[in-house]
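Visitor: Please take me through the terms used to describe a structure, and show how each is justified.

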Amino acid sequence: MQALTNRLKEVDRRKMNFLERLYLISIFKGMMITFSHIFKKKPTIDYPEKTRPFSPVFRGLHILNRDEAGRENCTACGLCAVACPAEAITMEAAERQANEENLYREEKYAAKYEINMLRCIFCGLCEEACPKDAIYLSETVPPADYQRKQFIYKKEELLIPHPIENFEAYKKALGNRVKKETDNFKI
Amino acid sequence: MLLAIDLAFIIEKLVLIVIVVMASLVIAMYATYGERKIAAILQDRRGPNRAGPFGILQPVADGLKLFFKEEIIPDFSSKFLFILGPSMAMLTAIMTGAVIPWGNKIHFFNRDISLQIADVNVGILYVFAVVSMGVYGIMIGSWASNNKYSLMGGLRAASQIISYELAMGISLIALLMITGTLSLKEMVAQQQAGYWNIFYQPLGFLIFLICAFAECNRTPFDLAEAENELIGGYHTEYSSMKLGFYLFSEYINMFVSSVIMATLFFGGYDIPFLNEANYDQNWMALFGLIALMTKVICLIFLFMWVRWTIPRFRYDQLMNLGWRILIPLALFNMLVTGALILLKQSNWHF
């Protein structure tokens, strides 16, 4: 029969001689192999202390973005909710009052904004649908929890820290991904 | 007067017994840690490193866990024997330490204290007797569980120990013909004066080593608890600290057989290339103990190294190896040794 690949290996079916039947040599060889692994580099990453870098296209937990003055971008247009294939997003709109110009960027804002993280499939379509640069998928993973209702993230949990009051936390929450996207958006 | 002397003697021995038992427990505890760590290193993993620095507290956590787990005695088991099984396994494992010379004499309170609980003149026979008793723990426990897997495990353990004890005994006879004594202390003394027995009995050591693996139920001979065929083998029905006792006694057995091998073949507490008589007695006892422990740790490492290298034997392979290879080999070794001793006695130089 013609071999399909050149990986065919002939099995040696000769009777073992005395030395081979003692197995000592092969055992010794095997032990040398395991011994050599003592000096090998271990591929493990000690997780909580060290983390693997995420890939640039990683899509993690959502953030609701603010502009430079710290005003919320979201206008509760509902495009993200429409785009969402998992139907994880719900929101309620409200009108901005006269004294709330420093809180919301435009006349309409989301009074309630919830994402069910158990439904969310982290596809990033909400991010693509958003015309106001308001929702982004960040570089964090949703933490584990004990109850289902804890996974329905409210606006307070989603909102990015204030860029003026807490710049460090804002920068951290923004991550690399958002910055790049906003640059594109501005162009 | 007689009573006073006896009292000091009893206290001395009691202290020694407590220390030896505690030490072998602690070493067995850390042998579990070492096993996991070595397994991890040989498989390019990290091993336990969460409890304390480098996972040092891991065995403590494991022990606590075993204590707090629910203690289940199956309804259909024979309760007395069910409890007797692990107790016996543990008892026999600890008892072996009694005749091992941990070091030479130390001098304290104007007394020469021997670092050996009992210098029995049939020391090695005592060890053999006690180690063979150990299998009763497994057999009784497995039978009392009233579970077919347990029983299979117990049967395997029993037949394995019977088969390998023969080869072990015969390989030892060759050694005894050279040393001419059964007392472990005297064997060490001989090796301190001359060469280590491993140089006279390399084949004997190899057979002894293989049989020791089998006696300790260690891989490649761990058929008694072959997980993929027998669930847990003889300890399938056991939980909590009774299971802990079984697992623990395995590690103590491993420690003890390492000590025995170090004593018989590697000079026990002998420090190589050093004449102990020239130095202070107490210091030499300490360094001797360290030397013995170093040898023991190397041997324990060998045990674990082999475990994580060689897969388990099939049952017929095990029996083949025991009866058809090791016993003839041990007999051959014995005959050759005997012949050489005879030649030497009749002053036939070659």
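Guide: The terms for helix packing and burial follow.
This is a predicted model, in which local features need pLDDT of at least 70, side-chain atom pairs count only at pLDDT 80 or more, and totals for chains, interfaces and linings use all residues. Residues are numbered from 1 along each chain as its sequence is written, while chains are lettered from A and ligands numbered from 1 in the order in which they are written.

Visitor: Why is helix 10 of chain B called oblique to helix 11 of chain B?
Guide: The axes of helix 10 (residues 240-265) and helix 11 (residues 281-307) of chain B come within 9 Å and cross at roughly 120°. Angles under 35 degrees count as roughly parallel, over 145 as roughly antiparallel, 65 to 115 as roughly perpendicular and the rest as oblique. Helix 10 of chain B is therefore oblique to helix 11 of chain B.

Visitor: Which residues of helix 10 of chain B meet helix 11 of chain B?
Guide: Contact requires C-beta atoms, placed from the backbone, within 7 Å. B:Met254, B:Phe255, B:Ser258, B:Val259, B:Met261 and B:Ala262 meet residues of helix 11 of chain B, including B:Leu292 and B:Lys295. The residues of this contact divide into 10 nonpolar, one polar and one charged.

Visitor: What makes helix 8 of chain B mostly covered?
Guide: A residue is buried if 20 or more other C-beta atoms lie within 10 Å of its own. In helix 8 of chain B, 10 of its 14 residues are buried, among them B:Phe205, B:Ile207 and B:Glu215. What covers these buried residues includes helix 10, helix 11 and helix 12 (315-345) of chain B.

Conventions. Axes fitted to C-alpha atoms, helices over the stretch in contact; angles between N-to-C directions. Helix = DSSP H or I, 4+ residues; strand = E, 2+ residues; numbered from the N terminus. Contact = placed C-beta atoms within 7 Å. Nonpolar A, V, L, I, M, F, W, Y, C, P; charged D, E, K, R; others polar. Buried ≥ 20, exposed ≤ 12 C-beta atoms within 10 Å, placed from the backbone.
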